[in-house]
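User: Can you walk me through this one? I'd like to start with the metal site.
Analyst: Sure, here it is.

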Amino acid sequence: MTLVVVHSISLPPGEYGGDAIERLFTNRLDHAAHPYYEGLRGLEVSAHFVVRRDGEMLQFVSCDERAWHAGRSVWRGRENCNDWSIGIELEGLEGQSFEAAQYTRLARLMRALAARYPIEEAVGHQHVAPGRKGDPGPGFDWMRLRRALRSDRPRLPFAIGAEA
Ligand SMILES: [Zn+2]
């Protein structure tokens, strides 16, 4: 695993705090519970981590195993990002902002991942599937993540947010 892919998700979109994300990632979503969920039938997705609005972190897949978060994807000429990336879902809505607690938790998680895996870069789903996916979107502040990562050490552990 050499890449981190940051996503955003909320179920239903724009509503926070329920258990639908956990249910989706463990194939237990009740599709009849909300009209939006009907469209998710048959969708088999997962992510390694979810970071909730209050910073609580949940893990669904071991970082040594592949999760199904990126879909058809390519980064720097290398395809199928699921094979070589760790997927982190932030509870949120594409285009909207994220909470301070989420940046703090994300930075801590990235530090831990960089200590254990040869992570080279962290980018958004929007970067590895342009035109198809737009999350986490313009409301996610990559500079803020960089600052959070720098707060305890002068150097970033790896490139952040599709830097050249
Ligand atoms: Zn995504």
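Analyst: Donors here are N, O and S atoms within 2.8 Å of the metal (3.2 Å for Na, K and Ca); water is not among the atoms, so sites may look incomplete. This is a predicted model: local features need pLDDT of at least 70, side-chain atom pairs count only at pLDDT 80 or more, and totals for chains, interfaces and linings use all residues. Residues are numbered from 1 along each chain as its sequence is written, and side-chain values use heavy atoms, with hydrogens and water left out.

User: OK. Which residues coordinate the zinc ion?
Analyst: H7 and H125 each give ND1, and D135 gives OD. The distances run from 2.0 to 2.2 Å.

User: How are the donor residues spaced in sequence?
Analyst: The pattern is H-x117-H-x9-D. H125 sits in helix α4 and D135 in the loop between α4 and α5, so that pair ties together parts 10 residues apart in sequence. Helices (H or I, at least four residues) and strands (E, at least two) are DSSP runs, numbered from the N terminus.

User: Is D135 buried or exposed?
Analyst: Buried, with a relative accessible area of 6%. H125 is buried too, at 4%. The cut-offs: buried is under 20% relative accessible area, exposed is over 50%, and partly exposed is in between, using a 1.4 Å probe and protein chains only.

User: And H7, which strand face is that on?
Analyst: H7 is in β1, on one side with L3, V5 and I9. V4, V6 and S8 take the other side, and both sets are buried. In a regular strand the side chains alternate between the two faces of the sheet.

User: How many residues of strand β1 are buried?
Analyst: Seven of the seven, residues 3-9, so β1 is largely enclosed by the rest of the structure.

User: What does β1 pair with?
Analyst: Strand β6, residues 85-91, pairs with β1 in the parallel sense over seven bridges. Strand β7, residues 121-124, also pairs with β1 in the parallel sense, over four bridges. Two strands pair if DSSP finds at least two bridges between them.

User: Give me one register point for each.
Analyst: L3 has S85 of β6 as its bridge partner. V5 has V123 of β7.

User: Anything polar in β6?
Analyst: E89 is found in that strand. At 7% relative accessibility, E89 counts as buried. E89 and H48 are 41 residues apart in sequence and 8.1 Å apart in space, C-alpha to C-alpha.

User: Switching to aromatics. How many aromatic pairs are there?
Analyst: Four. Rings of Phe, Tyr and Trp (its six-membered ring) pair if their centres lie within 6.5 Å; planes under 30 degrees apart count as stacked, over 60 as edge-to-face and the rest as tilted. One of the four pairs is F25 with F60: the centres are 5.5 Å apart and the planes at 80°, so the pair is edge-to-face.

User: Where do F25 and F60 lie?
Analyst: F25 is in helix α1 (20-25), and F60 is in the loop between β3 (57-59) and β4 (74-75). They are 35 residues apart in sequence, so the pair ties those parts together. F25 counts as buried at 8%, while F60 is partly exposed at 23%.

User: What about F98 and F140?
Analyst: Their ring centres are 5.7 Å apart and the planes at 75°, so this pair is edge-to-face. F98 is in the loop between β6 and α3 (100-116), F140 in the loop between α4 (125-128) and α5 (142-150), 42 residues apart. F98 is buried at 6%, and F140 is buried at 4%.

User: Which rings join them in a cluster?
Analyst: Y103 and W142; ring pairs link F98, Y103, F140 and W142.

User: And Y103 is in α3, right? What else is buried there?
Analyst: Y103 is in α3 and buried, as are Q102, L106, A107, L109, M110, R111 and L113.

User: Last one, cysteines. How many disulfides are there?
Analyst: Zero. A disulfide is a pair of cysteine sulfur atoms within 2.5 Å. The sulfur of C81 is 16 Å from the closest cysteine sulfur, in C63, too far for a bond.

User: Are those two buried or exposed?
Analyst: C63 is buried, with a relative accessible area of 7%. C81 is buried at 0%.
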